Amino acid sequence: MKIIIIGAGKVGYALATHLSAQGNDITIIDNNPKALEKVENNLDVLPVKGTGISTSTLLENGCQSIDLIIAVTGSDEVNMLCCLTAKKLGAHRTIARIRDPQYAKELLLIKEDLGLDMVINPEEAAADEIARVLTVPGAIRLENFAKGRVRMVEVLLKEGSPLIGTKMKHFGDKFGVSVLIGAIIREDKLIIPTGDTALETNDTIYAIGKSAAIYTFCKRIHDKPSKVKNIMIVGGGKIAYYLARLLNEMHIKVKIIENDSAVCEALSEELPNTLIIHGDGTDSELLAQEHLEAVDSFITLTGRDEENIISSLIAKQSEVPRVVTKISRHYSNAVIGGLGLDTIITPHDIITNRILKYVRGEAVEALHRIVGGKGEIIEFIASSNDPLIHIPLYKLRLIPDVLIATIVKKNEIVVPNGQTMINPGDRVLVITNKNISHLKDIMDTTSGGITGELKNSIKKLGNIINL
């Protein structure tokens, strides 16, 4: 696709990185020379100095025939105006970042009037993900598939976890729960487990199963309380606002600590059921005075990564059961992993997932990136035109590095083996490190027959514990 990104900040840069890596033709427009210099030095995209509001800038860069415009500047108004202008000039589709809660209340009207195809709100999306994660003990990430019938949970196996040493073929008998360990991340490498694969300390696992089974699984392997009743949030920005509103609806007590008195006053008016404290969230004495040790979860959402990390480490020292840390920049896994933090939230990564799903097309029902974007879990709905329907899997020739992890049928959820067949209407969850936009893309059409590699893949599928 030919895509113009307006705004080279954190979100724009992240989008340009992933969209260009997947073969799209990317132009990024910004007025900031330093931001454009970073883009030019690190990415294979076209940087353009200018503003997305300018019709001449848009026309000079082919807006009239562009497939997609994504406006992610720091101003909601500028983003909306960029998309409106681009649409008038002939852009096929437009996406705008709109973050202000006041606009969020009128999104349906705004989308219709401006002709927007999609609206993204990183802060609201981050709040949504945090609220989801808090409902499942020990989860780092939680993704829904098949309209909520299937969930995927990401869990880090810390020292002492009852899962350590367990082989996949003994997994079901040992824990008595119907979930599939679909992937393991070990030292930044993606492993598709076989029956003889044993789990190790510091493995990150991706467990897939029915919603109830995932909750039961996490509760059994996690020794901390599962009920969340009291939450302390440091930072009173937009994510904190959206999150507090969600938690209030869940009847969870929320306390927000914010350093800016004007922000505290505004939050007090907007969130009457939330306790707002004016103070420094990195002050251990203040946190102790506010009974940090008594909260079930501690969430850091300031605009500075350093402050969020410091506050989170204070909470970890106080043995808070669950700590969620917002981080805006990418750090190496060695740096972040060594800190012992529980859950890391990166808002622009959440939005990148959503836009990548949108760019892939209607065939992709859901998409979740793993291993820093090196792998993906994708949900497709099989159609009658797909060449792999009504054929046992052992007869299919699949491209390398693809695993059909789960097939969701009308009345059952199936972990496939060689005899399993995909039927029209089935929801198929695929784990891969390839750029796939349709279910048929997993087929190897270069030659016929079953390769030794495919036989090994079938053997792996047969060894995985059934749901």
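# Close-up views of a predicted model

**View 1. Strand β1 is mostly covered.** Four of the five residues of β1 (residues 2-6) are buried. The model shown here, and in every view below, is predicted. β1 pairs with strand β2 (residues 25-30). The two strands run in the parallel sense, and five bridges link them. One pair to look for is I3 and I26: I26, in β2, is the bridge partner of I3.

**View 2. The whole protein chain holds 16 helices and 22 strands.** Its radius of gyration is 23 Å, close to the 23 Å that the globule rule gives for 467 residues, so the chain is as compact as a globular protein of that length. Along the principal axes, the C-alpha atoms fill a box of roughly 65 × 60 × 40 Å. Of the 467 residues, 54% count as buried. The chain exposes about 20900 Å². Carbon and sulfur atoms supply 48% of that area. Contacts also reach along the sequence: among those between residues at least 6 apart, 61% join residues at least 24 apart.

**View 3. Six strands form an open, parallel sheet.** The order across the sheet is β14-β13-β12-β15-β16-β17. At the edges stand β14 (275-278) and β17 (343-345), and each of them pairs on one side only. From one strand to the next, the twist averages 20°. In a regular strand, side chains alternate between the two faces of the sheet.

**View 4. Strands β12 and β13 pair within the six-strand sheet, and a helix packs on it.** β12 covers residues 230-234 and β13 covers residues 253-258. Their pairing is parallel and runs over five bridges. Find I231 and look across to β13: its bridge partner there is V254. Helix α10 (residues 238-249) packs on this sheet. The helix touches β12, β13, β15 (297-300) and β16. The direction of α10 makes about 165° with that of β13.

**View 5. T325 sits in strand β16 and is buried.** The strand spans residues 322-326. The relative accessible area of T325 is 0%, under the 20% cut-off, so this residue counts as buried. Which residues is T325 in contact with, leaving aside neighbours within four places in sequence? They are T300, N308, I309, S312, L341, T343, I344 and I345. T343, I344 and I345 belong to the edge strand β17 (343-345). T300 falls in β15 (297-300).

**View 6. Five strands form a second open sheet, this one antiparallel.** The strand order is β7-β8-β11-β9-β10. The edge strands are β7 (141-145) and β10, each pairing on one side only. Neighbouring strands are turned by 20° against each other on average, direction ignored. At one edge, strand β9 (residues 179-186) pairs with β10 in the antiparallel sense. Three bridges join these two strands. Here I185 stands opposite L190 in β10.

**View 7. N202 lies in a loop and has a positive phi.** The loop runs between β10 (189-191) and β11 (204-210). Phi of N202 is about 75°, although the residue is not a glycine. Is N202 buried or exposed? N202 is exposed, with a relative accessible area of 55%.

**View 8. H390 also has a positive phi.** The value is near 60°, in a residue other than glycine. H390 is placed in the loop between β19 (375-381) and β20 (402-408).

**View 9. D426 is a buried loop residue.** The loop in question joins β21 (413-414) and β22 (427-432). D426 has a relative accessible area of 5%, which is under the 20% cut-off, so D426 counts as buried. Which side chain makes a polar contact with the side chain of D426? The partner is the side chain of K409, at 2.6 Å. Not counting residues up to four places away in sequence, D426 touches F380, I381, A382, I407, V408, K409 and M421. F380 and I381 fall in β19 (375-381), while I407 and V408 fall in β20 (402-408).

Key: Residues are numbered from 1 along each chain as its sequence is written. This is a predicted model: local features need pLDDT of at least 70, side-chain atom pairs count only at pLDDT 80 or more; totals for chains, interfaces and linings use all residues. Side-chain values use heavy atoms; hydrogens and water are left out. Buried means under 20% relative accessible area, exposed over 50%, partly exposed in between (1.4 Å probe, protein chains only). A polar contact is a pair of N or O atoms within 3.5 Å; within protein, one must be able to donate a hydrogen and the other to accept it, and residues adjacent in sequence count only if both atoms are side-chain atoms. Contact means heavy atoms within 4.5 Å. Two strands pair if DSSP finds at least two bridges between them. Axes are lines fitted to C-alpha atoms, for helices over the stretch in contact, and angles run from 0 to 180 degrees between N-to-C directions. The radius of gyration is taken over C-alpha atoms; the globule rule is 2.2 Å times the number of residues to the power 0.38. Accessible areas come from the Shrake-Rupley method with a 1.4 Å probe; for residues, only the protein chains shown count as cover.
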